[in-house]
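Hi there,

Here is the structure I promised to pass on to you. Have a look at it first, and then read my notes below.

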Amino acid sequence: MGNPKAFLTVPRKEAGYRPINDRIHDFGEVEQTLNTKDRQEQASRCMDCGVPFCHWACPLGNKDPEWNDALYRGDWEMAYKILKKTNPFPEFTGRICPALCEKACVLYHTTGEAVTNRENECSIAERAFLEGYVTIEHPQRNGKKVAVIGSGPAGLSAATHLNYMGYEVTVFEKNEAAGGLLRYGIPNFKLNKKIIDRRIKVMEAEGIVFRYGEKVDGVETLSKLSERHDAVVLATGTPTARDLKAPGRELKGIHLALELLSQQNRVLAGIEFSKEERITARGKDVLVIGGGDTGSDCIGTSHRQGCKSVTQIEIMPKPPVGHNPNTPWPNWPVILKTTSSHEEGCIRRWNINTLEFIGEEGHVTGVRVQPIDWKPNPEGGRPVMVEAGEPEIIKADLVLLAMGFLKPEHPEYPKNVFICGDAAHGASLVVKAIASGKKTAEEVNDFVMKNS
């Protein structure tokens, strides 16, 4: 290590966000960057622990101490080389990963101020593209072909690793561009889509073929595809969102979260929608049902569309601030999360159950809700929901349902079809999808080599 005592004298410094009054008027990325001196100083805070829990907590096994040390010493190229060995897309995770490594950082557990690993990772990736450290590799081909269905983070990861192993890889994507939820679920103010396009150009230059507007669905279609390839990787994500079948669900103005988010991203990409098709929060009172990241993305998008107000309700209790004794280390700390979108203005309420959608002339005007509480189940298992207050009506002429996604169910496929990412495990983190893609690529290689 270059400076083994930096963690004692250098406090954690985050880049922070653009001013609220500035950022809510556009869809540019909200997060700022530190200058080179400050970034290298932040990297110096890494203690190079004898047991690096950050490495253990990261699904990709990122070697944070090693690339933090290289970054601190100003060797950005070496930092990128170390990072690339474990993470094929640090420009994605450096922007949108919840940083499992930081919640495992020894400094986090001792001082509450983890090393800024996520921001450091993003800076390394951007410097790599800027300085030309990202080079085009031309793997020696092994004569085998693999089809990847879906171009989300899991599919892109599987395609990248299989390509480096020498396979001819073709990615089939039902939409007009690659990225999956990276492109159609995450707002541009968190991940500019030019970042995805830049990576896809590298993958294409390295020999991966992308075929857009081609939906591969059903056992029969997959079987035919598997006959023409040595293996098929199914990385179609979790396409079915969890709905809310309360009375009045048929009213206009009630949408699944991704209907809003994907359409807005397409609008920013230049795709036009008719007035009837367009989903917009302009001038409306918006109610977001669901307290996770997708709900937060709906809040930020609503502000940028010019909403009148935003309220977010969550059926679960409000998490504690800072520390939760019910989720001790090494569990992920379930604590209150306030995102950049929440900071832009939002009424947040917890322990609220949705009873009924109310409307006039076929359009939603409000939602009848009720405060509830959760009591221990005498038989064990999931707590029991009980009423804790009188029903009330929240005014809303746009309701967005952000309650997660259903885990897909799969029929029996041919033996050379492999399932990875959210399609296999249900909705999860981008970093876990990338890790799953890598693991699946290794499984494909083992299978093909044994059956060649």
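**Starting with Arg-183**

The side chains of Arg-183 and Asp-197 make a polar contact, at 2.6 Å. Before you go on, keep in mind that this is a predicted model. You can find Arg-183 in helix H12, which covers residues 181–184. Is Arg-183 buried or exposed? Its relative accessible area is 10%, and buried means under 20%, so Arg-183 counts as buried. Leaving out residues up to four places away in sequence, Arg-183 touches Ala-177, Ala-178, Lys-193, Ile-196, Asp-197 and Asn-265. So Asp-197, the partner in the polar contact, turns up among the residues touched as well.

**A residue on the outside**

For a contrast, go to Glu-390, in the loop between strand E11 (384–387) and strand E12 (392–395). Glu-390 has a relative accessible area of 68%, so this one is exposed. Which residues does Glu-390 contact, leaving aside its neighbours within four places in sequence? They are Gln-370 and Pro-371. Pro-371 is 19 residues from Glu-390 in sequence, and their C-alpha atoms are 7.0 Å apart in space.

**The sheet**

Next, try colouring the strands. Five of them make an open sheet with parallel pairing, in the order E5-E13-E6-E7-E8. At the edges are strand E5 (254–256) and strand E8 (347–350), each of which pairs on one side only. On average, neighbouring strands of this sheet are turned by 20° against each other, direction ignored.

How many bridges join strand E6 to strand E13? There are four, between residues 285–289 of E6 and residues 398–401 of E13, and the two strands run parallel. If you want a place to zoom in, Ile-289 stands opposite Leu-401 in E13.

Two helices that pack on the sheet are worth finding too. Helix H15 (residues 257–268) touches E5 and E13, and its direction makes about 75° with that of E5. Helix H16 (residues 293–305) touches E6, E13 and strand E7 (309–314), and its direction makes about 175° with that of E7.

**The aromatic rings**

A pair of aromatic rings is described by the distance of the centres and the angle of the planes. This structure holds six aromatic pairs. In one of them, Phe-89 and Phe-92, the ring centres are 5.3 Å apart and the planes are at 35°, so the pair is tilted. Phe-89 is buried, with a relative accessible area of 1%, and Phe-92 is buried too, at 0%.

Phe-418 and Phe-447 form an edge-to-face pair, with 5.5 Å from centre to centre and 70° between the planes. This pair links distant parts of the chain: Phe-418 is in strand E14 (residues 417–419), while Phe-447 is in helix H19 (residues 430–450), 29 residues apart. Phe-418 is buried, with a relative accessible area of 14%, whereas Phe-447 counts as partly exposed, at 23%.

There is also an aromatic cluster to look for, formed by Phe-53, Trp-56 and Trp-329.

**Charges over rings**

Last stop: two arginines. Arg-127 lies over the face of Trp-76, at 4.0 Å from the ring centre. The charged end of Arg-198 sits over the ring of Phe-129, at 3.7 Å from its centre.

Have fun exploring!

How values were computed: Residues are numbered from 1 along each chain as its sequence is written. This is a predicted model: local features need pLDDT of at least 70, side-chain atom pairs count only at pLDDT 80 or more; totals for chains, interfaces and linings use all residues. Side-chain values use heavy atoms; hydrogens and water are left out. Two strands pair if DSSP finds at least two bridges between them. Axes are lines fitted to C-alpha atoms, for helices over the stretch in contact, and angles run from 0 to 180 degrees between N-to-C directions. Contact means heavy atoms within 4.5 Å. Rings of Phe, Tyr and Trp (its six-membered ring) pair if their centres lie within 6.5 Å; planes under 30 degrees apart count as stacked, over 60 as edge-to-face and the rest as tilted. Buried means under 20% relative accessible area, exposed over 50%, partly exposed in between (1.4 Å probe, protein chains only). A charge sits over a ring if NZ of Lys or CZ of Arg is within 6 Å of the ring centre and within 35 degrees of the ring normal. A polar contact is a pair of N or O atoms within 3.5 Å; within protein, one must be able to donate a hydrogen and the other to accept it, and residues adjacent in sequence count only if both atoms are side-chain atoms.
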